[in-house]
Amino acid sequence: MLPLGVAVLMPLQVFAGFGAGDLVQLCRKETLMFKGEAFLPAPKGQVFTVFKQEPGKDLVYVAFIQKDGGVIAVTLPESALELVPPDPWILLQRASDSFREQRFDESRRLVGQAAQDPEYKALAATFQTPVDLVLAAAKPAAFAVKDIRAALSALEQKRKTAVGPEAEAQVKALMDTQNARLNLALKPFSDAMGKARVAAFELDRSGYASLALALDDGLDRLSVALAGKRSPDAAPESGVPVSKLDRAEVLSRVNKAGFSLVRCRQAMAVRRMMEASNYVNEGLAAEPGHAGLKALQAKVQENLTDADDRYKVASANRSGRNLAQGLLALERGLKICADHPKLMALRVEMSGAMEGSTSPAVIPAMLKEAKQGVTKDTLEEGRRIYTTRCSECHDLEMLDSRSITGWKNEVRKMAGKAHLKGNQEDLIMEYLTAAQPFAGKS
């Protein structure tokens, strides 16, 4: 199972802050760092999977999937992160992973917590019922198997030293008796395992591939620990039932769902809702019951519907007396969905009007709004820095969307992320102050 899609699929190495595999979210805007360099801005609320946190350092390494599918570790300050509160689906995934790792008490506790939600009660029972049957049968079988195997081991040593056909036949008869006892002792466990294998198969057929795979993996480990590894050519009645899943194929789908989940989150963080919709659809095609993907699908669809509504308003007011209303709808629509094809096309069509509202060209009249001694060249340079640096990570905003004090606070906050140097912050503010009264009026 993929360690990026859920919060529990890597061995937990817990430090004072976060453990490997934890799901964390940003509690403020931050910039992702890669090898000490600014990588990408990340909004408040974006979710990440923790790779590691080094003790004594205010840095947390989290996973980021690149467009080519490669996974890299980027860093964020610990102070900017908080644990994602586990929902019933995450609890079930944690429970399934705990069972895989043979942490049975932890698994049962987590399933019980998930089952408190009425929506997940039936699914939790579907997972836990076969597990309880197998564990109930395993305990008495384990004691019997231990004694029988000790007897078989002693007989094996005796067989090696037996002299003559009669002695060998006596030892073989005793070994056959012990093997018959072993099969009898394993029968209840084997029957329970058969039902649990069917349950894993049915979970996969119902769309819960990640739960099915974890259950099946845990059954394998439990079976090997108790009954030993069965030879591939053994008859079904001679050992514990094997998996009914095509494990490689199921693992491939689980991985695809996990990668899609992370990529969808990343796309949503930069407001690329069309891209996010494609990822979530790919993930649900691989694992239709994945509740984490379903939750993101609902959010993405809500944003796409909102963006469609903004487009209708912007398109209806692309010129004339209501142009300002159209520009505002266009700007807000692109803030919701930056890759909305109709809004993007409309932005090209309305680019002149949009520029006049977000970054109007410098005109002589602006000098009257500027401080004494500020030249046209100064304003031109401020505009150049503003339109290039401030648009690297996001679209430019309407200049009348906030007061000059608000712009000053925003520019100061973003100066580090935009790598402004020297007096560049002051130059931007000189331009914004002079240009704001002329926004949308050119």
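**Exercise 1.** How many disulfides does a search of the whole structure find?

*Solution.* The model is predicted, so local features need pLDDT of at least 70 and side-chain atom pairs count only at pLDDT 80 or more, while totals for chains, interfaces and linings use all residues. Residues are numbered from 1 along each chain as its sequence is written, and side-chain values use heavy atoms, with hydrogens and water left out. With a disulfide taken as a pair of cysteine sulfur atoms within 2.5 Å, the search of the whole structure returns zero.

**Exercise 2.** Determine whether Cys27 and Cys337 are buried, partly exposed or exposed.

*Solution.* Buried means under 20% relative accessible area, exposed over 50%, and partly exposed in between (1.4 Å probe, protein chains only). Cys27 has 31% relative accessibility and therefore counts as partly exposed; Cys337, at 0%, counts as buried.

**Exercise 3.** Classify the aromatic pair of Tyr386 and Trp407, and place it in the chain.

*Solution.* Rings of Phe, Tyr and Trp (its six-membered ring) pair if their centres lie within 6.5 Å, and planes under 30 degrees apart count as stacked, over 60 as edge-to-face and the rest as tilted. The whole structure holds seven such pairs. One of them, Phe34 with Phe39, is tilted, at 5.9 Å centre to centre and 55° between the planes. Tyr386 and Trp407, at 6.3 Å and 85°, are edge-to-face. This pair links distant parts of the chain, with Tyr386 in helix α12 (residues 376-389) and Trp407 in helix α13 (residues 404-414), 21 residues apart, where helices are DSSP runs (H or I, at least four residues) numbered from the N terminus. Both Tyr386 and Trp407 are buried.

Note on methods. Helix = DSSP H or I, 4+ residues; strand = E, 2+ residues; numbered from the N terminus.
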